[in-house]
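Student: I've got this one open on my screen and would like a close look at a single part, one helix and whatever packs around it. Could you walk me through it, starting from the overall picture?

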Amino acid sequence: MSGFLVDPSAARPRFRQPCAEDLAVPTPSVTTDHSNQDVLEVFAMHRELACLPVTEQGRPIGLINRSIFLSQMSKPYHRELYNRKSCIAFMDKEPLVVDASMSIDALTFRTVEYGEKALADGFIIARDGQYIGLGQGLQLMRVVADMQAERNRQIMHSIDYASTIQRAMLRTSRESLAATLPDATLVWEPRDVVGGDFYHFAAYPDGWFAALADCTGHGVPGAFMTLIASSLLTQALEQLGPRDPGALLMAVNRGIKQMLAQNDREPREVLDASASDDGMDAAFFWFDNATGALTFAGAKSSLFVLQADPADIEGEIINGARMGVGYVDTAMDFAWENRTVPTRSGTLVFVTTDGLIDQIGGPREIAFGKRRMREAICARRHASAAQIGEAVLDAHRAWQGAQRRRDDLTFFCFRAQ
């Protein structure tokens, strides 16, 4: 009787994707010429052996399960009947046999497709049709888990680096805001490591421009949209200047629709699966230093304004147009209206993306809503913008409770001087 031992790593090249050969454990094998008595001796010598491959001229043709074989041979008179007979009597004639070059991903699908038997008994690995070793289901699961962990590590490393890029993109606006407005706060909290919300702030000799936008999606897809939208906004500001927010929304809308090949003449139901229906909700506004006038244009966004006058108890919500920027349903030439809001020293302005107001929570598991946002602001109306921002966040977190964060959260609050 002869065993069959190989070193599956002997000629293995470095730096390649894992394959079935990496799982090949050299184990003894028997041939069709061996008897059941020979199999008993092999199992006695190798007590760790759960299965024994059977080959014919080196080609794997079956697999003998230790437990099943010993159970059969322990039955009355079976040894007398089968000891001298060929070992094929109790072998599985249809084991899973895979080529050594098969990828781990393909092997996993094949093993699951083959069923529990392949996971429990293992699978035979062959090269050019010749037996080289035995693979185990548990070993395969460990390799798959390690591969998935490595893939996740690489993905998270990429996302972490993307977060660094996104934050760097926003840093100039945050620094300009801090240098321009003494009483203001800006909160930007992506739901994931990167997010689909972005902001823009720029100071000019006669005033300042600010934008808050919520792009389609969150995480990596949302972050890609922020790169597109913020780039288009920067181009529009260079071409049109900052003093007409409605015109800037129109320019960004045209840019998104052209870049994403959105055809607003096609009904939504006839679009193919690859067509883009992405865009953003946004609030653009220009503040004039000389007059204190705030010019606002909103795309499915609104402003909350609380005047310094004690008679203004509840403040005012100024809604923008009910049409988003981009998207198939938004016309290429849609015009957003500018709304002018007078402010004076002490006037408080608050603008947020829908991640704040749409958060589910509370005892009835409903949205946080604009009313609770308004109440949190009014309760601290004489505090600084930063303190008001903290109050809103505290109320929002308390409302969210154990609920999962639904979306990115961004808001901007300032008090006119």
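Tutor: Eleven helices and 19 strands make up the count for the protein chain, and keep in mind that this is a predicted model. The radius of gyration is 34 Å, whereas a compact globule of 417 residues would come in near 22 Å. Put a box along the principal axes and the C-alpha atoms fill roughly 105 × 45 × 40 Å. Of the 417 residues, 47% are buried. Looking at contacts with a separation of 6 or more, 68% join residues 24 or more positions apart. The accessible surface is about 21,300 Å², and carbon and sulfur atoms hold 53% of that.

Now for the helix: let's zoom in on H4, residues 104-114. Which of its residues are buried? They are Ile104, Leu107 and Thr111, where buried means under 20% relative accessible area. If you look down the axis of H4, the buried residues fall within an arc of 55 degrees, so they line one face of the helix. The spacing helps here: an α-helix has 3.6 residues a turn, so residues three or four places apart point the same way. Turn to the other side of H4 and you find Phe109, Val112 and Glu113, which are exposed.

So what covers that buried face? The cover for the buried residues of H4 includes two strands, E4 (97-99) and E5 (123-127), along with two helices, H5 (116-121) and H6 (137-180). After H4 comes Gly115, with a positive phi near 110 degrees.

For a contrast, try a helix that lies on a sheet. Strands E1, E2 and E3 form an open sheet, in that order, with mixed pairing. E1 (30-31) and E3 (59-65) are the edge strands, and each has a single partner strand, so one side of each is left without a neighbour in the sheet. As a reminder, strands of a sheet pair through backbone hydrogen bonds, either parallel or antiparallel. E2, residues 51-56, pairs with E3 in the antiparallel sense, over six bridges. To get your bearings in that pair, find Leu52, which stands opposite Ile64 in E3. Across E1, E2 and E3 lies helix H1, residues 36-45, and H1 runs at about 135 degrees to E2.

Conventions. Residues are numbered from 1 along each chain as its sequence is written. This is a predicted model: local features need pLDDT of at least 70, side-chain atom pairs count only at pLDDT 80 or more; totals for chains, interfaces and linings use all residues. Side-chain values use heavy atoms; hydrogens and water are left out. Two strands pair if DSSP finds at least two bridges between them. Helices (H or I, at least four residues) and strands (E, at least two) are DSSP runs, numbered from the N terminus. Contact means heavy atoms within 4.5 Å. Axes are lines fitted to C-alpha atoms, for helices over the stretch in contact, and angles run from 0 to 180 degrees between N-to-C directions. Buried means under 20% relative accessible area, exposed over 50%, partly exposed in between (1.4 Å probe, protein chains only). The arc is that of the directions from the helix axis to the C-beta atoms. The radius of gyration is taken over C-alpha atoms; the globule rule is 2.2 Å times the number of residues to the power 0.38. Accessible areas come from the Shrake-Rupley method with a 1.4 Å probe; for residues, only the protein chains shown count as cover.
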